[in-house]
Amino acid sequence: MINLLDLDPNAFTAFFAERGEKPFRARQVSRWLHQRFVDDVGAMSDLARPLRERLASEVDIRAPRVVADTIAADGTRKWLIDAGGANAIEAVYIPEDDRGTLCVSSQAGCALDCAFCSTGKQGFNRNLSTGEIIGQLWHANRALIADGVTAPWMTAGRAPITNVVMMGMGEPLANFDNVVAALKLMLDDNAYGLSRRRVTLSTSGLVPMIDRLRDECPVALAVSLHAPTDALRDRLVPINRKHPLDELLAACRRYLEKAPRDFITFEYVMLDGVNDDTATARQLLALLRDTSCKINLIPFNPFPGTEFRTSPRERILAFQRTLIDGDIVTTIRKTRGEDIDAACGQLAGRVQDRTKRKLGSRIPVVATR
Ligand code: SAH
Ligand code: SF4
C-alpha cells in the first residue's frame, strides 16, 4: 500500500493522473489530508464513491505513532514518535506571541557526532521517510486542533503551526531527498502553504548539499557555525574536517543569491571556556565580514554525560555586545521546554545505534498525558 504521506506534490498529482483522474482530484485529496488532517479516505466526503473505494484499496495514511506527549510549564510540547525497531524521534511545538513553531526531526540519530549534541552522541540509525518527516507536522496540527488549542494567529482557519524549523534530531541535508520532498509539501498551497521564509533548515555544513538545496528548494537557511577557526571547529563539528570554513562560507554566499531571506542565520552554541571569549567574538566578526547574516547565540543545553558547561550569562552578553558593536544583528536564543528536555540539542528520542552500538545511552523518562 502506498502511504499518501510519502508523496510530495508532484508525486501526488502523478498518482491521480496515472489513474485517469483530473488534477483537481489530487488537490481535493491533498487538502483533506494536509489541511483537514483526515486519515481515512472513506471520510473524504466530496469524492465520488468509486474513487473512495479505489483509494481505500490502493493507499493508506500511515501517520506517525506517538508514544509520549509531554507539555512543559512554558507551553512547549514534545511528542515522542515511534520510528520502528527500538527507535523513537521527537518533534517539539514552541508557541510564541505571534507564531506557532514546530521543530522537526529528519533522522533517527545523527552520524555527524558534534561534540556538544545529545543526538550526535547516540550515533546514527536511519533516515526518516518523507511520511515520517511531514507526519510530524501533520500530527502536531491535528493534535493541537483536536485539543482545542487556540492562538492569536489561528484566524481564518489558519493551522496552529505557522513556522517550521528543521532543527530536531538529525542532519537534514544528510537525508536530502526525503527532507526536500517534505519541504515541498510544507510550501505547497494544497498542503501546508507556508512561505519559504517561515520554513528554516539548519545544517552543520554539508557544503555540496547546501548548493543542491539552493537549486531545488531554497528555504531560509541556518548554519551551525559554533567556531570562527578551523582548528576549533574541527573539534566541535567534525564535518568541518571535510568541508572547512572557507568552503562553507563560500556556499553560504552562493545560497544568498536564491535565499528567501537576504541573510543566513549562523547558530553559535555558547560553551563555557571553549568558544565564548571576546577575542573569539572578534575572530567571528572578521570571518563573517563579507556574508550577509544574523547570529543566534544558543546557551548550551546540558545533557547527562556531557563534558561541556553553559557559558555564564555575563559572558554571553559580552560576546553579543562585541558582535553587535561590529554591526552584526545578534540574538540570544531563549531556552524553551527545558523541564521536558525539549531544548536545542537535548532531543534524544531513543535510538538503537547501528554505528557505535552505544545502546541506551539515554532513554528519557517522559510523563504520558
Ligand atoms: N543537524 C542540524 C540540525 C539539528 S541541531 C544542525 O546541526 O544544524 C539544531 C541546533 O541545535 C544546531 O545549531 C545545533 O548545533 C544545536 N545544538 C546541538 N546540541 C546542542 C546543545 N546541547 N545545546 C544547545 N544547542 C545545541
Ligand atoms: Fe547532528 Fe546537528 Fe547534532 Fe551535529 S548538532 S550531531 S549535525 S544533529
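Start by selecting Lys258: in this predicted model, the residue is partly exposed, with a relative accessible area of 40%. Keep Lys258 on screen and add Asp215, which is also in the partly exposed class, with a relative accessible area of 49%. The two form a salt bridge, and their closest N and O atoms are 3.5 Å apart. Now colour the surrounding elements. Asp215 sits in helix H7 (residues 207–216), while Lys258 belongs to the loop between helix H9 (245–256) and strand E12 (264–270), so the bridge ties together parts that are 43 residues apart in sequence. If you would like to go looking for others, the structure holds 24 salt bridges.

Next, move along to Arg315 and Asp272. Here the closest N and O atoms of the salt bridge are 2.8 Å apart. Arg315 is part of helix H11 (residues 313–325) and Asp272 is in the loop between E12 and helix H10 (278–287), so this pair, too, links parts 43 residues apart in sequence. How accessible is Arg315? Its relative accessibility is 29%, which counts as partly exposed.

Stay on helix H11 and select Arg321 and Asp325. Both residues lie in this helix, four residues apart, about one turn of the helix. Their side chains meet in a salt bridge, at 3.1 Å from N to O. Are these two buried or exposed? Asp325 is exposed, with a relative accessible area of 54%, and Arg321 counts as partly exposed at 46%.

From a pair, go on to a network. Select Glu18, Arg19, Arg54 and Glu58 together: salt bridges that share partners join these residues into one network. Showing the four side chains as sticks will let you trace the links.

Now switch to a surface view and pick Arg158, Arg197, Arg198 and Lys294. What do these residues make up on the surface? They gather in a patch of positive charge. Zoom in on Arg158, which is found in the loop between helix H5 (130–146) and strand E9 (163–166). Arg158 is partly exposed, with a relative accessible area of 39%.

In that loop between H5 and E9 you will also find Ala156. Ala156 is exposed, with a relative accessible area of 82%. To get a sense of scale, draw a distance from Ala156 to Arg214: these residues are 58 apart along the chain, and their C-alpha atoms are separated by 32 Å.

For another arginine, hide the surface and select Arg77, in strand E4 (residues 77–82). Arg77 is buried, with a relative accessible area of 5%. Which side chain does the Arg77 side chain contact? Add Asp147 to the view, and you will see the polar contact between the two side chains, at 2.9 Å.

The last stop is Asn190, in the loop between helix H6 (176–187) and strand E10 (199–203). Although this residue is in a loop, Asn190 is buried, because its relative accessible area of 16% falls under the 20% cut-off. Finish by drawing a line from Asn190 to Asn296. The two residues are 106 apart along the chain, and 33 Å separates their C-alpha atoms.

Note on methods
Residues are numbered from 1 along each chain as its sequence is written. Chains are lettered from A and ligands numbered from 1 in the order in which they are written. This is a predicted model: local features need pLDDT of at least 70, side-chain atom pairs count only at pLDDT 80 or more; totals for chains, interfaces and linings use all residues. Side-chain values use heavy atoms; hydrogens and water are left out. A salt bridge is a side-chain nitrogen of Lys or Arg within 4 Å of a carboxyl oxygen of Asp or Glu. Helices (H or I, at least four residues) and strands (E, at least two) are DSSP runs, numbered from the N terminus. Buried means under 20% relative accessible area, exposed over 50%, partly exposed in between (1.4 Å probe, protein chains only). Patches are made of residues with over 30% relative accessible area and no salt bridge: like charges are joined within 9 Å, nonpolar side chains (Val, Leu, Ile, Met, Phe, Trp, Tyr) within 5 Å. Accessible areas come from the Shrake-Rupley method with a 1.4 Å probe; for residues, only the protein chains shown count as cover. Lys and Arg count as positive and Asp and Glu as negative; His and the chain ends are not counted. The place of a charge is taken as NZ of Lys, CZ of Arg, CG of Asp or CD of Glu. A polar contact is a pair of N or O atoms within 3.5 Å; within protein, one must be able to donate a hydrogen and the other to accept it, and residues adjacent in sequence count only if both atoms are side-chain atoms.
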